[in-house]
Amino acid sequence: LHGEGDPKTFSDFFPVKLFPYCKPEIAKLYAAHDAKITFDEFKWQLPYTDKTNNKCKKNHLEAIADLIWNVEMPLVWICHKMHHTGVYIDKEVASVIQIRYQTAYQSALSELRSMVQEIIEQSDYRPGIGTKVPFASGKDFNPDSVPQVKHLLYTLMKLPAGESKGTGKDVLADINLPVTNQLLKVRSLRTLIGTFTDKLPKSTTPDGRIHAQFK
């Protein structure tokens with residue numbers, strides 16, 4: 001288009017699902033364009049990362065140049081090796097850890113719900129006729145529900161509420177009561193389980209390793 005208008009993409013002409021069936025001599029025209037514009041951008045940026053170049057000096061980018069060549073570029077090869085080698089996950093050990101953390105989570109959740117039940121019994125809050133409460137007993141309490149945590153803290157316990165009646169980690173840590181500390185413990189265990197103990201064993205490739213991408 002000689003610089004006029006937006007460049008065309010493969011999807012402007014064909015459904016994307018057909019791309020794998022293109023002849024290489026056709027597909028290369030699309031694929032090579034990404035490489036070309038990336039290389040063009042590299043050539044444009046390079047003078048700004050060269051401490052001996054006037055463009056770098058004029059824009060005071062010497063420290064950025066040091067960061068690029070002394071930290072980021074050496075890390076590219078390290079990250080590539082880490083991705084290629086992968087991290088081995090022992091499925092038997094992972095299974096033991098899963099049971100351990102699930103047991104810890106259920107125990108912490110049970111203790112939290114007992115504490116919530118005590119708060120319900122000690123509270124003088126009485127809902128009006130037809131008023132729907134987020135939970136009626138400790139065993140119904142969901143620590144991941146924002147409305148339920150708000151009801152616990154600011155209705156049943158009558159804690160001083162800010163403008164937002166926050167329920168986040170920082171707010172709960174500042175309150176620093178046994179029930180909020182237990183709530184944080186339960187949430188932390190759930191995060192560990194969801195992010196690591198349950199997820200990682202399912203993320204391996206046939207070699208039993210996780211090949212993470214370090215972006």
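The bend at a residue is taken here as the angle between two axes, one fitted to the seven residues ending there and the other to the seven starting there. With helices defined as DSSP runs of H or I, at least four residues long and numbered from the N terminus, helix 1 bends by about 30° at Tyr30. The model is a predicted one, in which local features need pLDDT of at least 70 and side-chain atom pairs count only at pLDDT 80 or more, while totals for chains, interfaces and linings use all residues. Residues are numbered from 1 along each chain as its sequence is written, and side-chain values use heavy atoms, with hydrogens and water left out.

Helix 1 covers residues 24–45, and its 22 residues should span 32 Å at 1.5 Å a residue (1.5 Å times one less than the number of residues); the end C-alpha atoms lie 31 Å apart, which agrees.

Tyr30 appears again at the largest pocket, where Tyr30, Lys8, Thr9, Phe13 and Leu29 lie nearest the centre among 12 lining residues. A pocket is an open set of points on a 1 Å grid over the protein atoms alone, where a 1.4 Å probe fits, with protein on both sides within 12 Å along at least five of seven lines; lining residues have an atom within 4 Å of a point. This pocket holds about 430 Å³ of space (the volume filled by probe spheres set on the points, which are joined across faces, edges and corners).

The second largest pocket holds about 200 Å³, and its lining includes Phe42, Trp69 and Met73. Helix 1 and helix 3 (62–85) each give two or more residues to that lining, with helix 1 giving the most, 4 residues.
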